[in-house]
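Me: Please take a close look at one part of this structure. I would like a plain account that then moves on to the strands and the core.

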Amino acid sequence: ADESDLWRTQTRAPFASEGLVVRAHWLPAQLDRVLVWLRGLGARGIDAALVGRVAMGLGTVSVGGAADHQLDVVRAMRATSDLFRHVVILRGTPAIRAQVDPWGELGDAGRLQAALKGALDPRGTLNAGRGPV
């Protein structure tokens with residue numbers, strides 16, 4: 001029970017404060033670079049916190065502060081494709097969502113997902129209008 005409570009608390013932590021919340025993936029061996037990159041945000045006065053699963057190379061990053069800083073973080077994470085993969089906005093203001101696609105660029109994965117969805121859901125009834133494909 002204690003372990004379950006700990007994981008539940010951890011997964012809710014990024015949503016406990018106001019601001020942007022993104023999910024990102026990276027290679028597990030790149031964790032040190034991810035942490036250095038996030039510390040760099042703090043050096044620029046941008047409040048950011050990471051909750052993740054080290055062995056899986058994925059996490060949730062909460063970003064506080066001004067909306068323009070939050071937008072800059074999303075764009076910078078997506079531009080650092082040698083480090084971050086598939087950066088998705090989980091929570092952001094309508095203004096941020098209007099300026100950047102919450103799902104980001106899907107590339108070849110988007111075509112694969114669309115083909116798979118088309119094969120399994122030819123009428124497009126499941127998850128209609130919610131999601132990148």
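**One residue, then the core**

Reply: G118 lies in helix α5, residues 107-120. Helices (H or I, at least four residues) and strands (E, at least two) are DSSP runs, numbered from the N terminus. The model is predicted, so local features need pLDDT of at least 70 and side-chain atom pairs count only at pLDDT 80 or more, while totals for chains, interfaces and linings use all residues. Residues are numbered from 1 along each chain as its sequence is written, and side-chain values use heavy atoms, with hydrogens and water left out.

G118 counts as partly exposed because its relative accessibility is 37%; buried means under 20%, exposed over 50%, and partly exposed in between (1.4 Å probe, protein chains only). From the C-alpha atom of G118 to that of L71 is 33 Å, with the two positions 47 residues apart along the chain counted as their separation.

Now the strands. Strand β1 (residues 20-25) pairs antiparallel with β3 (residues 58-63) over 6 bridges; pairing requires at least two DSSP bridges. H25 has L58 of β3 as its bridge partner. β1 also runs antiparallel to β4 (residues 85-91), joined by 4 bridges, and V22 is bridged to I89 of β4.

V22 and I89 recur in the largest nonpolar core, which has 21 residues; together with M77 and F84 they have the most contacts inside it. Such a core is a set of buried Ala, Val, Leu, Ile, Met, Phe, Trp, Tyr and Cys residues joined through side-chain atoms within 4.5 Å. β1, α2 (31-43), β3, α3 (67-79) and β4 each give it two or more residues.
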